[in-house]
Amino acid sequence: MAVFTLTVAIITIIRFASSQQIGRIPEVHPRLTTQTCTKHGCTTQQTSLVLDALSHPIDDIHTNESCETSSGGVNTTICPTVEVCAENCALEGVNYASHGVYTNGDSVTLRQYLNIDGTEEEVSPRVYLLDPSGRDYEILKLLNQEISFTVDVSNLPCGMNGALYLTSMDASGGRSQLNPAGATYGTGYCDAQCNAPAWINGVANLKGLGACCSEMDLWEANSEATQLTPHACNVTGFYECSGAACGSNGVCDKDGCGFNPYGLGDHSFYGPSVTDTIDTKKPFTVVTQFLTSDGTSTGTLSQIRRLYLQNGKVIQNAKVDFDNSTLDSITPAYCEATAATFEAEGGFPQMGKALEMGMVLIFSIWNDPSAFMNWLDSGTAGPCNSTQGNPALIEAENPGTSVTFSNIKWGDIGTTYSGSGSGGWN
């Protein structure tokens with residue numbers, strides 16, 4: 001009996017020592033039903049969502065002091081080295097409702113603000129899709145495939161962005177000896193903006209590096225404007241940039257090759273009016289297809305195509321004037337003519353590689369205190385004026401602003417949606 005007790009004690013110590021970066025408050029992921037589809041039909045799977053690690057408290061296990069500074073950087077007193085930081089700091093679980101995340105079956109609603117004790121507080125959640133195990137991120141390989149979802153943007157005014165997008169994050173969230181929490185606690189974020197977060201792959205970012213990877217913005221929108229945008233990176237998978245490599249001419253294309261119907265001249269395609277082709281006061285379904293030159297999942301990406309469904313009808317994307325013809329999708333020729341940085345960082349071939357290798361699905365809601373989201377919905381991009389996107393104005397006039405995504409499916413071309421109307425292509 002003494003030997004058994006000692007063995008158990010040793011095992012307990014080992015477990016504690018090897019997993020002390022996971023805190024005492026358990027993480028309970030909200031469930032989200034998704035579907036994968038083939039010509040034989042769609043299969044339902046029980047996936048779940050995890051908030052980005054930056055939304056989780058990370059505290060010193062000895063003093064309960066935060067391992068982050070008030071400005072969001074790393075507390076270098078607690079974290080003089082990455083090794084000491086891993087020994088001292090633990091990620092804690094969170095209450096998802098208190099961060100503005102609500103799921104119900106195949107639907108997730110994200111809120112920008114919450115009223116807490118009589119005060120409006122910004123929560124601006126960003127969540128990632130986990131696989132059915134809940135341990136790793138679901139990896140979507142969408143080359144020669146399509147993805148569809150239903151979205152309700154009726155509660156997103158000018159200046160808001162309800163986004164659904166993909167990035168080339170590691171499936172495990174960078175799980176390692178220094179980061180045992182991994183994807184389970186939302187670590188490992190990267191995108192084409194190459195920002196320098198406090199933690200990269202769950203490890204203290206003491207050198208101020210940027211976290212870069214390819215990004216495919218399936219949906220950036222509010223009720224007034226929308227944009228579909230690939231962002232290529234000339235690296236494969238996750239990359240840590242430094243110095244000039246994190247700049248506008250670095251490893252990733254920050255601007256992207258975007259398709260915004262309003263910005264391209266069709267001012268009546270999308271908006272909160274029954275006269276708009278897509279009436280944003282009501283939910284609608286969005287389908288994005290990634291076609292290849294040879295019709296296979298290993299071919300070269302040749303077209304990023306979009307269609308919509310509303311009121312049971314399939315609606316083709318806006319048709320806009322381009323190069324003495326009409327255009328309703330993103331093509332290599334379009335990007336060559338309009339997006340020099342996208343081309344410089346690898347363009348369609350590089351974006352295709354990212355889609356072939358697999359990407360993580362991300363849901364977010366946010367606004368823009370520096371530029372008021374004018375790039376999306378103001379000036380030539382949309383009907384909003386230059387100050388409507390001021391977050392202070394949004395908070396005062398629309399504190400309940402939110403976005404809802406539902407009915408998320410991915411699979412073979414033409415299998416994730418059905419409807420009547422003029423939705424086919426030649």
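Tutor: Let's start with charges: Lys and Arg count as positive, and Asp and Glu as negative. Keep in mind that this is a predicted model.

Student: Okay, how many positive and negative side chains does the protein have, and how far apart do the centres of the two sets lie?

Tutor: There are 19 positive side chains and 44 negative ones. Take the centre of each set, and the gap between those two centres comes to 9 Å.

Student: How many helices and strands are there?

Tutor: Both kinds of secondary structure turn up in this protein. The count is 7 helices and 28 strands.

Student: Why is the protein said to be as compact as a globular protein of its length?

Tutor: Start with the globule rule, which gives 22 Å for 426 residues. The model is close to that, so it's as compact as a globular protein of that length, with a radius of gyration of 22 Å.

Student: What share of the residues is buried?

Tutor: A residue is buried here if its relative accessible area is under 20%. Of the 426 residues in the protein, those that are buried make up 55%.

Student: Which residue in β2 stands opposite Thr 33?

Tutor: Look at β1, residues 31-38, which runs antiparallel to β2, residues 41-51, with 8 bridges joining them. The two strands form a hairpin, with 2 residues between them. Opposite Thr 33 in β2 you'll find Gln 46.

Student: And which residue in β28 stands opposite Gln 35?

Tutor: β1 also pairs with β28, residues 402-412, in the parallel sense over 3 bridges. In β28, the residue opposite Gln 35 is Lys 409.

Key: Residues numbered from 1 in each chain as written. Predicted model: local features only at pLDDT ≥ 70, side-chain atom pairs only at ≥ 80, totals over all residues. Heavy atoms only, no water. Helix = DSSP H or I, 4+ residues; strand = E, 2+ residues; numbered from the N terminus. Rg over C-alpha atoms; globule rule 2.2 N^0.38 Å. Buried < 20%, exposed > 50% of the residue type's maximum accessible area, 1.4 Å probe, protein only. Charge placed at Lys NZ, Arg CZ, Asp CG, Glu CD. Pairing = 2+ DSSP bridges.
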